[in-house]
Amino acid sequence: MIGAPVHRLDVVDSTQSVLARLAREGAPEGTVVTARHQTAGRGRRGHSWWDEPDSSLLLSILLRPTVAASQVAQLSLVCAVAVSDALTVETGIACRIRWPNDVLAGDRKLSGILPDAACTPDGRVEHVIVGIGINLAQRAFPGELADLATSVRLVTGRAPDRRRIESALLAAIDARYRQWLSSGFAALRAAWLERSGTIGTRVRLPEGGHGVAVDVDADGALLVDGGAGHVTRVLSGPVAAAS
Ligand code: BTN
């Protein structure tokens, strides 16, 4: 289902915008848009997503789940598990997930995930476009990314085949998405926890204060123990590391 069809484009502003247009025109669930390069790649919280032509896997996937809008955030965690499934099998990298969905090698970001949901005024999900960027062949990163990002080539010494990573990723998303549709995040929770780089670390809470991340619940919310038995449930990030 995921990857039928795949639109392979050369240079676009953002695969998210291209697929949003196709979604409005009625494209079926599973439609994928990939590009060799983005001139205005988008990251979460209004950040941009930098790439160098032909160095990254850049794609967006159209999903049409019949779930409540409140459940859409779980797709971030579902896709992070799928990205780490695919990268671990194809590259041997032991990926870690920083809650909710950054996929890391060591403490550097290898992949970012951006879910854009379109909902009706009565709270129904019309569609979700999940954008995924994976750094594959970069030898270096510019500016502040130099200390934050990494690529498969930098970690393993080899640039992987982009099409191979793409098919492994689409197969992994297909499997994990079906699992989520049939049994909810609870069915993937153990897989997310196994790969977590956040549980057991001190984090700063979005609304101030800090604590130790102790678990994710069956809805994918992060549970942070602030001490004295006070546990905060965090539904959306970021939770920066605290010293
Ligand atoms: C993040 O901030 O971590 C999310 C980054 C998501 C980047 C991908 S690349 C393919 C797709 N198109 C975009 O413009 N953004 C996403």
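Which polar backbone atom is 2.7 Å from an oxygen atom of the ligand? In this predicted model, the atom belongs to the backbone of Arg 42, and Arg 42 is listed among the closest of the 20 residues that surround the ligand. The points below begin with the ligand and then take up the open sheet, the helices that lie across its strands, and a number of individual loop residues and peptide bonds.

**Ligand surroundings**

- Of the 20 residues around the ligand, the closest are Ser 14, Gln 38, Arg 42, Arg 44 and Lys 109.
- Two side chains make polar approaches to the ligand: a polar side-chain atom of Ser 14 lies 2.7 Å from an oxygen atom of the ligand, while a polar side-chain atom of Gln 38 lies 2.8 Å from a nitrogen atom of the ligand.
- The ligand taken alone exposes 420 Å², and 97% of that area is buried by the protein.

**The open sheet**

- The sheet is open and built from seven strands, which follow one another in the order β1-β2-β3-β7-β6-β5-β4 with mixed pairing.
- Because β1 (residues 6-12) and β4 (residues 96-98) each have a single partner strand, they stand at the edges, and one side of each is left without a neighbour in the sheet.
- On average, and with direction ignored, neighbouring strands of this sheet are turned by 20° against each other.
- Strands β2 (residues 32-38) and β3 (residues 56-63) run antiparallel and are joined by four bridges, and Ala 35 stands opposite Leu 58 in β3.

**Helices across the sheet**

- Helix α1 (residues 15-24) lies across β1, β2, β3, β6 (108-119) and β7 (125-135), and α1 runs at about 25° to β3.
- Helix α2 (residues 74-91) lies across β3, β4, β5 (102-105), β6 and β7, and in this case the angle given is about 140° to β6.
- Seven of the 10 residues of α1 are buried, so this helix is largely enclosed by the rest of the structure.
- The buried residues of α1 are Thr 15, Gln 16, Val 18, Leu 19, Ala 20, Leu 22 and Ala 23, and what covers them includes β1, β2, β3, β6 and β7.
- Ser 14, whose side chain also has a polar atom 2.7 Å from a ligand oxygen, caps the N-terminal end of α1 through a side-chain oxygen that lies 3.1 Å from the backbone nitrogen of Gln 16.
- After α1 comes Gly 26, which has a positive phi near 95°.

**Gln 138, a buried loop residue**

- Gln 138 lies in the loop between β7 and α3 (152-156), and because its relative accessibility is 0%, Gln 138 counts as buried.
- A polar atom of the Gln 138 side chain lies 3.2 Å from the backbone nitrogen of Leu 136.
- Leaving aside residues up to four places away in sequence, Gln 138 touches Trp 50, Glu 52, Ser 55, Ser 56, Ser 151, Arg 153 and Leu 154.

**Backbone geometry to check in the model**

- Most residues other than glycine have a negative phi, and most peptide bonds are trans.
- Arg 45 has a positive phi near 50° and is not a glycine; Arg 45 lies in the loop between β2 and β3 and is partly exposed, with a relative accessible area of 49%.
- Asp 54, also not a glycine, has a positive phi of about 70°; Asp 54 is placed in the loop between β2 and β3 and counts as partly exposed at 36% relative accessibility.
- A cis peptide bond with omega of about 0° joins Ala 4 and Pro 5, and Pro 5 is found in the segment before β1.
- A cis peptide bond, again with omega of about 0°, joins Trp 99 and Pro 100, and Pro 100 is found in the loop between β4 and β5.

**Gly 227**

- Gly 227 is located in the loop between β10 (222-225) and β11 (231-234), and Gly 227 is partly exposed, with a relative accessible area of 31%.
- Gly 227 and Asp 215 are 12 residues apart along the chain, and their C-alpha atoms are separated by 14 Å.

Technical notes: Residues numbered from 1 in each chain as written. Predicted model: local features only at pLDDT ≥ 70, side-chain atom pairs only at ≥ 80, totals over all residues. Heavy atoms only, no water. Pairing = 2+ DSSP bridges. Helix = DSSP H or I, 4+ residues; strand = E, 2+ residues; numbered from the N terminus. Axes fitted to C-alpha atoms, helices over the stretch in contact; angles between N-to-C directions. Contact = heavy atoms within 4.5 Å. Buried < 20%, exposed > 50% of the residue type's maximum accessible area, 1.4 Å probe, protein only. Near = heavy atom within 4 Å. Polar contact = N/O pair within 3.5 Å; in protein donor to acceptor, adjacent residues only side chain to side chain. Areas by Shrake-Rupley, 256 points an atom, 1.4 Å probe, with all protein chains shown as cover.
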